[in-house]
Amino acid sequence: MTSALLAPVHHAPTATTTRAADHWRGRPVAQAPDWPDRDLLDRVVGQLSTASTLVSPQECDELTTRLAQVARGEAFLLQGGDCAETFVGTSSLAIRRKLETLLQMAVVLTYAGSLPVVKVGRMAGQFAKPRSTPTETRDGVTLPAYRGDAVNGIGFTAEARRPDPRRLHEMYQASAATLAIIRAFLTGGYADLRQVHAWNQDFVARSPVGQRYERLADDIDRALRFVQACNMDLSGSRRVDLYTSHEGLLLDYEEALTRTDPRSGRRYAGSGHLLWLGERTRQLDGAHLAYLTTIDNPIAVKLGPSTTPEEVVAYVELLDPHRRPGRLTFIARMGAELVRDRLPALVEAAGSAGGEVIWVSDPMHGNTITAPSGHKTRRFDDIVDEVTGFFEVHAALGTHPGGLHIELTGDDVAECVGGGEPVAFDDLHAGYESACDPRLNRSQSIELSFRTAELLHTNFRAARAVAPTSTEPSRPS
């Protein structure tokens, strides 16, 4: 989604859409909600199938083009946002804070890491979550697990936990509202690079990492003034590209918003620019993977430590048969203790399959622990260690560490422990707000971007030192 975001586009469902839908409907559907009212589900899905899509095929193709730069080692992907969006969290202030955090991180990575950054939010669609168990038990009472606001409520009552298909329509409306806020933010001038100081006026400005960011912002100001004094074009500082993504979990919803582009005849998911398969829904014979084979959006697959090289090759063959750069991203979520051991074989397997896939580090999901208070949390040092290990693996293999995928918020929460402005276990009682998994707060997010930028800068210098002397540019895999 660019600063000139296209309005939602409506295309009527076609026979092609119906035929393609049959490709996945006969497969096993992992993590499917147990909808108690199937007739109501059919009515809601029918309404969504005639609604305007939230993103356009042109925007999805634009993101694929940008991601092709990442695949070639010419850019870096930053993907971040809430673990699970909530309907009550769809406020202008909360969304603006997340956008500011993403923009601040991107500025740090671009300026200190010497690479352009493709920015993708876990936003405007991340309202559903897979769960490790289908039920939750408290004080002897067992109820369905909370699967995100798109399915049921977080309150621990039978009424709240009952899956309600009407929430799919509410997710659509919340996603549309989020996109409208993002559009206003991008087109209103607030995302202009010359606003780097304005993004740091609240609590971050008073933190150590905020002060470090201010020094970098001063450097950017001086650089922009120099460019302006030389009468050079500054229009690039005003343009901001931001795209949306979410896990393609609820296939009834995704199929309802999938359309065939009449200009090209290709199918696109209209719910977001990029969809990914989760660790719990990446079965090779499953419905989720089968659905992704029918759409032309850029797509991603989360790979946990149990992933085999043979599975990686199969994903490449099934999801990127034409080996189109920017089409397929692998998001590694190994955990700090396993990333150096498990990742190399997977990267080598993808290379042997040909094509140019993107490798991204998700340092969050493999590092979840339980605090003494019972809260799910993550140690900031473990997160940094996994990112470091990810870079070390790619440096050893001569491949491009293509990006970072994190769960974050723009608010001053206390959900992950550690960091330069440290959060302690005892702080979790008062500052824990996540509806699902722990997120980095704004200060921790920006600190992680500085740590990652240092790794990027080192990797960039090393790549230049061993670059071939021929006139042909180096193309990392």
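## Empty spaces and crossing helices

The structure holds 2 cavities of 30 Å³ or more. Keep in mind that this is a predicted model. Let's start with the empty spaces and then look at how some helices pack.

### Spaces inside and at the surface

How do you find a gap in a protein? Rolling a probe the size of a water molecule over the atoms shows where empty space is left.

Here are the volumes and the make-up of the linings, side by side.

| Space | Volume | Nonpolar lining residues | Polar lining residues | Charged lining residues |
|---|---|---|---|---|
| Largest cavity | About 50 Å³ | 5 nonpolar | 4 polar | 1 charged |
| Second largest cavity | About 40 Å³ | 5 nonpolar | 2 polar | 2 charged |
| Largest pocket | About 660 Å³ | 7 nonpolar | 8 polar | 15 charged |

Take the largest cavity, with about 50 Å³ of space. It is lined by 10 residues, and the closest to its centre are Thr53, Val55, Pro57, Tyr268 and Gly270. Helix 3 (57-71) and strand 7 (267-269) each put at least two residues into this lining.

Now the second largest cavity. Its lining is made of Gly125, Ala128, Met171, His246, Glu247, Leu249, Leu250, Tyr253 and Glu254. Strand 5 (242-247) and helix 8 (251-256) each supply at least two of the residues here.

Then there's the largest pocket. Its lining has 30 residues, and Pro130, Arg131, Lys376, Cys436 and Asp437 lie nearest the centre. Which strand gives the most to the lining of the largest pocket? That's strand 3, with 3 residues. Strand 3 (135-138) and strand 13 (376-378) each bring at least two residues to the pocket lining. If you sort the lining by class, you get 15 charged residues, 8 polar ones and 7 nonpolar ones.

### Helix 4 against helix 6

On to the helices. Helix 4 covers residues 92-113 and helix 6 covers residues 166-187; their axes come within 10 Å and cross at roughly 55 degrees. That angle makes helix 4 oblique to helix 6. The crossing of the two is right-handed. Which residues make the contact? From helix 4 you have Ser92, Ile95, Arg96, Leu99, Glu100 and Leu103, and from helix 6 come Thr178, Ile181, Ile182 and Phe185. In this contact, 6 residues are nonpolar, 2 are polar and 2 are charged.

### Helix 11 and its two partners

Helix 11 turns up in two packings, so to speak, one with helix 10 and one with helix 12.

Helix 10 (residues 309-319) packs against helix 11 (residues 339-352) at an angle of about 35 degrees, and the axes are 8 Å apart. This is a right-handed crossing. Pro309, Val312 and Val313 on the helix 10 side meet Ala345, Leu346, Ala349, Ala350 and Ser352 on the helix 11 side. How many charged residues does the contact of helix 10 with helix 11 have? It has no charged residues, with 7 nonpolar and 1 polar.

With helix 12 (residues 380-397), helix 11 packs at about 40 degrees, and the axes are 9 Å apart. That makes helix 11 oblique to helix 12. Helix 11 passes helix 12 in a right-handed crossing too. On helix 11, the contact uses Val339, Arg340, Leu343, Pro344, Val347 and Glu348. Helix 12 joins in with a list of residues including Asp385, Glu386, Phe390, Val393 and Leu397. Sorted by class, this contact has 7 nonpolar, 3 polar and 5 charged residues.

Technical notes. Residues numbered from 1 in each chain as written. Predicted model: local features only at pLDDT ≥ 70, side-chain atom pairs only at ≥ 80, totals over all residues. Heavy atoms only, no water. Axes fitted to C-alpha atoms, helices over the stretch in contact; angles between N-to-C directions. Helix = DSSP H or I, 4+ residues; strand = E, 2+ residues; numbered from the N terminus. Parallel < 35°, antiparallel > 145°, perpendicular 65-115°, else oblique. Left-handed = near helix turned anticlockwise from the far one by under 90°. Contact = heavy atoms within 4.5 Å. Nonpolar A, V, L, I, M, F, W, Y, C, P; charged D, E, K, R; others polar. 1 Å grid on protein atoms, 1.4 Å probe; cavity = no way out; pocket = protein on both sides within 12 Å on 5 of 7 lines; lining within 4 Å. Points joined across faces, edges and corners; volume = space filled by probe spheres on them.
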